[in-house]
Amino acid sequence: MKKLGMVCKIVLILVFLTPLTPTFGQHVDAWSGMPMGKLHVRGNQLVNSSGKPIVLNGWHQPSGAYWTYQNSNYYLNLNGNNRHAAILAYLKDITDTFTDTRPKYGSNHGWYMNQVRLFIDRQDMGDVAAGSYNFSGLQAATQNVIIPYINYAKTKGIYVTLGLDFTLANDQATTQSNLDKFNQIWGYLASQPAIKSADNVMFELINEPIKSYANGHWGGYAGENDFVDHWNDLRRFQNSIISTIRSKGADNVIWAAGLGYDQFYSPAAKHPLMDPLNNYGYAVHWYPGYGAHDDKDKLQSQWNSNIKAAAQAYPINITEFTWFKTQPGDSEYWNLFNGSNDGFGKNTKSIFTAAGNVSMTAHMNGFLLEAGARSSFADPTAGLKWDGDTRRQAMARFLFDWYNERARTYPRALIQNSESATENVPAAAPTDVLSDTYTTTPTDAQSE
């Protein structure tokens, strides 16, 4: 009996020493040190290799110097002034921070992130709107930063949603010249052995296409009479890119774009994309400055009108969201982020939790961590941004706690009770016929 008692004591000690794991007896496919399973889309859920629904928590991270070490020389000095090596070192450091589950910031837990929205930066690839597109620069960044980082991210339990930091001239997305660039880039990325079908890599096709071309004019806002026609034009555009990706044999999950500033998705279920693998969901942007700010009813109405139909048929990845209360002297642009924890934060949490199939990446590292010696933008060793500043009600501490809560039910054990599951309308096949041959795209010369 004494021997049995000692065994029980040892078991109890091990239980208390074991890091946080999900409740309900479910295993985890991410977090640092955990094995990672390949994800795919099933109905309106993102599921792991065991077929269990999951949601991802993460941050948005462009790869350029401005968004990494910025004006600090710390990483440059450690890497012989090699910019790509310095950026890669920064990416590794901040990933270590965001996957470190040990207690920090005076709390009893750490960060529980398992997704990064990694954008190849304009510093390397140029920009369409500025006429500075640079494919060779993109190739160099891919080989020297993106691929090495993807390999490192896998060791830390991080899924990489890979995207492109383009802006499009005059907000006009669906021109033939733009399509040629996207097909060139995604054809290249999807053919790289370290990216193609990698277990921890997903693709976000376009960042904020805003406007598409239909009926002789550019449009893309939900109130327009011919909004569905503009949706279908963007659909043709994305179908071409999907076809290019799949032609390389890449089976990665794809996150497709909506119109506006990735705001409007109401036609998604009735007018689906053409993916032979049906392995896609939608990337959505969600900001207080889209009109609701802290108003619960307006925020719920925006979800119901613009996102809900897509969420009932496909998984959703909120690839940009930020909130904090603006203060006198702030940039006017920051009104886009003007929301509080008590308003926008709690209402967003309620909406996403009810939907049950919403992954997310906070926009961005610089609104999660303070500056410091290693980075004048977001130092991996610094504290939470504006932590304790009651005037700001900034999202960093809120997300730090919310991500921890979400990790405790990863994969989601009670998904059958969610709004999205009970009203699920999987888009197994297109409900209307649309050729994936792109023949009606306008040229860059066409305008409103």
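Good morning. I begin with the largest pocket, whose lining is made up of 16 nonpolar, 7 polar and 7 charged residues. Please bear in mind throughout that this is a predicted model.

The volume of the largest pocket is about 640 Å³. Which of the 30 lining residues are closest to its centre? They are Trp67, Tyr333, Phe337, His363 and Met364. Two elements, strand 4 (57–62) and strand 5 (115–120), give two or more residues to the lining of this pocket.

I turn next to enclosed space. How many cavities of 30 Å³ or more does the count give? The count comes to 1. The largest cavity holds about 40 Å³ of space, and its lining consists of Lys38, Leu39, Ala198, Asp199, Val201, Met202, Asn252 and Val253. By class, that lining has 5 nonpolar, 1 polar and 2 charged residues.

Let me now move to the packing of the interior. In soluble globular proteins, nonpolar side chains tend to be buried together. Here, the largest nonpolar core has 107 residues, and the members that touch the most others are Tyr149, Phe203, Tyr282, Trp286, Phe321 and Leu368. Helix 5 (residues 135–155) supplies the largest share of this core, with 9 residues. A second core, separate from that one, has 11 residues, including Leu46, Leu56, Val253 and Trp255.

Finally, consider Phe203 in more detail. Leaving aside residues up to four places away in sequence, Phe203 touches Leu162, Trp186, Ala190, Ile195, Ile245, Ala250, Asn252, Val253, Ile254 and Trp255. Among these contacts of Phe203 are Val253 and Trp255, both members of the second core. Asn252 and Val253 also appear in the lining of the largest cavity. Thank you.

Conventions
Residues are numbered from 1 along each chain as its sequence is written. This is a predicted model: local features need pLDDT of at least 70, side-chain atom pairs count only at pLDDT 80 or more; totals for chains, interfaces and linings use all residues. Side-chain values use heavy atoms; hydrogens and water are left out. A nonpolar core is a set of buried Ala, Val, Leu, Ile, Met, Phe, Trp, Tyr and Cys residues joined through side-chain atoms within 4.5 Å. Buried means under 20% relative accessible area, exposed over 50%, partly exposed in between (1.4 Å probe, protein chains only). Helices (H or I, at least four residues) and strands (E, at least two) are DSSP runs, numbered from the N terminus. Contact means heavy atoms within 4.5 Å. On a 1 Å grid over the protein atoms alone, a cavity is a set of points where a 1.4 Å probe fits but cannot get out, and a pocket is an open set with protein on both sides within 12 Å along at least five of seven lines; lining residues have an atom within 4 Å of a point. Grid points are joined across faces, edges and corners, and a volume is the space filled by probe spheres set on the points. Ala, Val, Leu, Ile, Met, Phe, Trp, Tyr, Cys and Pro count as nonpolar, Asp, Glu, Lys and Arg as charged, and the others, Gly among them, as polar.
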